[in-house]
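Work through the following exercises with the sequence and the model open. Each task is followed by a solution in steps.

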Amino acid sequence: VGPKDFKKFYESGISLVIKRPRTFIIDLVEIEEKLDLGYLYVFSRKTVHSENSIAYRFEDGKKSVVITGDCDYDEGIIELSRNADLLIADCSFPDSMKVAGHLIPKECGLIARKAKVKKLVLSHIYPAPYPDSQRIEECRSVFDGHVLLAEDLMEINV
């Protein structure tokens with residue numbers, strides 16, 4: 001799910017470099033604010049990053065998943081993530097390397113705690129001169145829920 005012109009962007013760039021998943025298909029859908037597919041509801045919210053940055057919440061009536069995409073800390077992400085079963089959050093750098101427009105582990109943990117998220121996956125991980133385990137430790141300093149580091153093509157039961 002993406003904003004207007006996402007299909008064109010995906011097909012001209014991303015599809016050329018991404019591995020094809022083995023256990024599911026990729027079906028691209030463009031939305032504005034929300035989308036009702038009958039079996040799945042998708043909500044979007046503008047994020048603090050760039051003009052076109054958007055976070056998404058997917059709900060099927062029983063479970064919910066939020067994907068922040070690139071973003072910085074703001075109340076809108078907390079509200080969109082409220083009581084989510086899974087939050088996949090931008091966590092580009094460790095706490096000591098904060099970059100405007102991106103979350104750090106402590107901020108991811110604060111969002112998850114304030115939103116009462118059940119499981120948190122730290123994603124969009126940039127290389128840093130620290131072990132990846134440090135990000136999890138920094139996040140857990142403010143969030144005592146389940147925390148994982150994302151991996152390409154990772155599958156998670158919600």
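**Exercise 1. The second largest pocket**

Which residues line the second largest pocket?

Solution. Note before starting that this is a predicted model.

Step 1. The lining consists of Ser123, His124, Ile125, Tyr126, Asp132, Leu149, Ala150 and Glu151.

Step 2. Sorted by class, these residues are 4 nonpolar, 2 polar and 2 charged.

Step 3. The space in the second largest pocket comes to about 150 Å³.

**Exercise 2. The order of the strands**

State the order of the strands in the sheet and find which strands stand at its edges.

Solution.

Step 1. The sheet is open and has 7 strands, ordered β1-β2-β3-β4-β5-β6-β7, with mixed pairing.

Step 2. β1 (34-36) and β7 (146-149) each have a single partner strand, so one side of each has no neighbour in the sheet, and these two strands are at the edges.

Step 3. On average, and with direction ignored, neighbouring strands of this sheet are turned by 15° against each other.

**Exercise 3. From β3 to β5**

Trace the chain from β3 to β5 and give the sense of each pairing.

Solution.

Step 1. β3 and β4 run antiparallel and are joined by 4 bridges. Within this pair, glutamate 59 has serine 64 of β4 as its bridge partner.

Step 2. The hairpin of β3 and β4 has 4 residues between the strands, and glycine 61 takes a positive phi near 95° there.

Step 3. β4 pairs with β5 in the parallel sense over 3 bridges. Isoleucine 67 has isoleucine 88 of β5 as its bridge partner.

Step 4. Helix α2 (residues 75-81) joins β4 and β5 in a β-α-β unit, which is right-handed.

**Exercise 4. From β5 to β7**

Follow the chain from β5 to β7, and give the hand of each crossover.

Solution.

Step 1. β5 (residues 86-90) and β6 (residues 119-123) are parallel, with 5 bridges between them. Leucine 86 is paired with lysine 119 of β6.

Step 2. The path from β5 to β6 goes through helix α3 (residues 105-115), and the crossover is right-handed.

Step 3. The path from β6 to β7 goes through α4, again as a right-handed β-α-β crossover. Here too the strands run parallel, and 4 bridges join them. Leucine 122 is opposite leucine 149 of β7.

Step 4. Helix α4 (residues 132-140) lies across β6 and β7, at about 155° to β7.

**Exercise 5. The surroundings of lysine 118**

Locate lysine 118 and list its contacts beyond four places in sequence.

Solution.

Step 1. The loop between α3 and β6 holds lysine 118.

Step 2. With neighbours within four places in sequence left aside, lysine 118 is in contact with Asn83, Ala84, Asp85, Phe143 and His146.

Step 3. From lysine 118 to valine 147 there are 29 residues in sequence, and the distance from C-alpha to C-alpha is 9.2 Å.

**Exercise 6. The largest pocket**

Describe the largest pocket by its volume and its lining.

Solution.

Step 1. The largest pocket holds about 2,400 Å³ of space.

Step 2. It is lined by 50 residues, of which Val1, Phe6, Phe58, Ile67 and Ile88 are the closest to its centre.

Step 3. The elements that contribute two or more residues to this lining are α1 (6-17), β3 (54-59), β4 (64-67), β5 and β6.

Step 4. By class, the lining of the largest pocket has 30 nonpolar, 9 polar and 11 charged residues.

Notes: Residues are numbered from 1 along each chain as its sequence is written. This is a predicted model: local features need pLDDT of at least 70, side-chain atom pairs count only at pLDDT 80 or more; totals for chains, interfaces and linings use all residues. Side-chain values use heavy atoms; hydrogens and water are left out. Two strands pair if DSSP finds at least two bridges between them. Axes are lines fitted to C-alpha atoms, for helices over the stretch in contact, and angles run from 0 to 180 degrees between N-to-C directions. Contact means heavy atoms within 4.5 Å. A crossover is right-handed if, with the strands pointing away from the viewer, the path from the first strand over the helix to the second runs clockwise. On a 1 Å grid over the protein atoms alone, a cavity is a set of points where a 1.4 Å probe fits but cannot get out, and a pocket is an open set with protein on both sides within 12 Å along at least five of seven lines; lining residues have an atom within 4 Å of a point. Grid points are joined across faces, edges and corners, and a volume is the space filled by probe spheres set on the points. Ala, Val, Leu, Ile, Met, Phe, Trp, Tyr, Cys and Pro count as nonpolar, Asp, Glu, Lys and Arg as charged, and the others, Gly among them, as polar.
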